[in-house]
Amino acid sequence: MNRIFVQPRRRKGVRGALALGLAALLIATGLGEATASAAEDYSQSAVAVNATQAQFSFTPVTTARYVDIHYTGVPGVGQQNVRMTESGGTWRHTVGSLSTGTVLDYWFTYEKNGPQYDTPHFGYTHAGGGTTVASPTFDPPAGSYPSARSVTLSTATAGATIRYTVDGSTPTASSTLYTGPITVSASSTVSAIALKSGSANSPVASASYTIGSTQATCPVQADVPNFGPNVRIFDPGMSASSIQTRLDADFAAQKDTLTAQFTERRYAHLFKPGVYSGIHDDVGYYTSVAGLGQNPGDVVINGDVTVDAFNESDQGHALQNFWRSAENLAIVPSSGSNRWAVAQAAPFRRMDIRGGLQLYPASYGFASGGYTADTKVSGQAASVSQQQWYTRDSSYGSWNGGVWNMVFSGTNGAPANTFPNPPETTLSATPVSRDVPYLYLDGSGKYRVFLPSLRTNASGPSWANGSTPGSSLPMSQFYVVKAGDTASSINTALSQGCNLFFTPGVYHLDQTLNVSRANTVVLGIGYPTLVPDNGVDAMRVADVDGVRLKGLLFDAGTTKSQALLTVGQSGSSAVHSANPTTLQDVFFRIGGQIAGKAANSLIVNSRDTIIDHIWAWRADHGNAGTYGWTVNTGDTGVVVNGDNVLATGLFVEHYQKYQVIWNGQNGRTIFFQNEIPYDVPDQAGWRSPNGLNGYAAYKVGDAVTTHEAWGLGSYCFFNDNPSVNLYHAFEVPNRSGVRFHNLVTVSLNYKGTITHVINDAGAVTPPGTTPSNLVSYP
């Protein structure tokens, strides 16, 4: 049923005027990977004007709405952040109070087609030689690769030249001139410097590549590893009471919405193959429950695995039931139906429910949307008060319910395609899918990770006719990441050829994790959380075949990162259709736990990537001082530049500019759930580059000729300023190859409006939390 929507999970954010440059004023360091090469993107300079002044100039290739300069080093003055003045396409600012020998560290923030970007840091010595050239960067990064690599060198300093060596020696001004990509066909170290007349040479930068037969092999790890103290492993020989005592203790720690939602505690409950009777696992925050059989029926729980509106503060709603999961189990529910009343980031995968499945709280209060895949429910799956839901490659005895946006692909027993009344979108098959990698015990008692095969036009669970097709890897090829591991130790394991198995915990990173080997598996249980501490990107994946990331939470650090996760380098063009990279149950958070900052959460440059259930979230509530318009800053949740990328289950919320930017050709999305930022201070400071009110939730790039999407919802709740308006939720080029099906917009609780659904089509959002629907576009 459709109810007036009251949203207790959305506590008011910190109010404040739109600060100069938004996130720019909070930046305290440089960034990671640039979105475009500097020579194409901008030029900059610093020159002495007189004995006490220097003028800094910045010229973007494409028109920028603003450019801010940040600098330190003026005697007696802290870091300065200034909006530059534009004239004739060049932005300028003059800095005074300088003396001969004063050294300034400076960098820029600039707007480009909506998102904002930050440059690397530059150096300027007053009356003493001008700028220092930025060090060269390497693309792809250093690492082990199965075959020869084409390596591109670049520098952020416009007009600079690069000299390099490939024998490990130190490059000089007389070394080989870089004129184009270098083919690295044997293991070697590439070193480079950048030079520009009138500027100091850059520091030397180096990258080591291991190629082909000399590629590192993972040192043998334990087949029965130590998973650390936060992984609970249960055996059917244990008494039910001892198991229940452990489950209850973990739930008591992770239950409370007000105190546990942003805790650092993380747990995993793993059940060895067998039958467990009288077990009731209430699943709290940051808890993963999974069976250790090769197939769901190998672990049978006569009982329940439950999520409900557990707390008095929930007021009967399940709108904050984030970050918990259930996987690879058979459940015979004690009451005939298992309850799984969740919101975002709470996957329900590879489950065999021998009865019904209730996706709503026992109180019938609202829940905020979820995800099911590779699952069988013999009875009825009932959503009732769930606002939105996506089900992929599953089987239901029947389905009942629908509020705004219920989507099914490849699901036997799904309802007919009846959007908008009831609001159900059904595709008979999922075009491309691959179930998640998962941990299991083999017949000899050793742990392995199963790797399901790629499916095309899939329908029903992968295990419906027996074992899931695929292959497996022994744990001897996995480095088990647990408390005490650093970015350095994790990168060492990756460079040695190891896969990664992250155990529950919070991992702070002072360098980027580089996944450069094809077919690398990075698997997490218990919501392992990766936090970049010093403005680095948390993880980069090379443009290689078959990387699988599953079960990770990326949490932005307090120093702004350019991206939390990047897949493939800019301009990636290799075809991966036979063995794509998959991102599954990979979640992103900016703020809430800490006052995080990241320009983008996810950038996908590699072709054929499968994005299968992500939640990218800029926090609208959390610990005190961790959220607010100028506190937890984030421009865009997801940027897709690669062609033929498929998203199945895309949840993106509250970013300050476009929520999703899709520039790749032939992209497809099945199910999209979005909320526009709640905390927009005023309309004047929140307009997109085309001059329209606000930033669309889902923008398809102007050059795109083919794109298709099904079942998309975007909602506004301008809590800080209800007079704010969004012109349209979806912005796409008007071409016959760009097609959208079954879209909905909603204005929640009379807080602002969305004028159109997509481009200039679709009606304004009615008052009173009433949907505005559009069946197709164009």
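**Exercise 1.** In this predicted model, decide whether A345 is buried or exposed.

*Solution.* Step 1: take the relative accessible area of A345, which is 1%. Step 2: apply the cut-off, where buried means under 20% relative accessible area. Step 3: A345 is therefore buried.

**Exercise 2.** Locate A345 and state what sign its phi has.

*Solution.* Step 1: A345 sits in the loop between β25 (337-339) and β26 (348-353). Step 2: its phi is near 60 degrees. Step 3: that value is positive, in a residue other than glycine.

**Exercise 3.** Carry out the analysis for D608: place, backbone angle and burial.

*Solution.* Step 1: the loop between β48 (598-604) and β49 (610-618) holds D608. Step 2: phi of D608 is about 70 degrees, a positive value although the residue is not a glycine. Step 3: the relative accessible area of D608 is 9%. With the cut-off for buried at under 20%, D608 is therefore buried.

**Exercise 4.** Which form does the peptide bond from D139 to P140 take, and where is P140?

*Solution.* Step 1: read omega for the bond from D139 to P140, which is near 5 degrees. Step 2: this peptide bond is cis. Step 3: P140 is placed in the loop between β11 (137-139) and β12 (143-145).

**Exercise 5.** Describe the peptide bond from N421 to P422 and the place of P422.

*Solution.* Step 1: omega from N421 to P422 is near -5 degrees. Step 2: the bond is cis. Step 3: P422 belongs to the loop between β31 (405-412) and β32 (424-427).

Methods: Residues numbered from 1 in each chain as written. Predicted model: local features only at pLDDT ≥ 70, side-chain atom pairs only at ≥ 80, totals over all residues. Heavy atoms only, no water. Helix = DSSP H or I, 4+ residues; strand = E, 2+ residues; numbered from the N terminus. Buried < 20%, exposed > 50% of the residue type's maximum accessible area, 1.4 Å probe, protein only.
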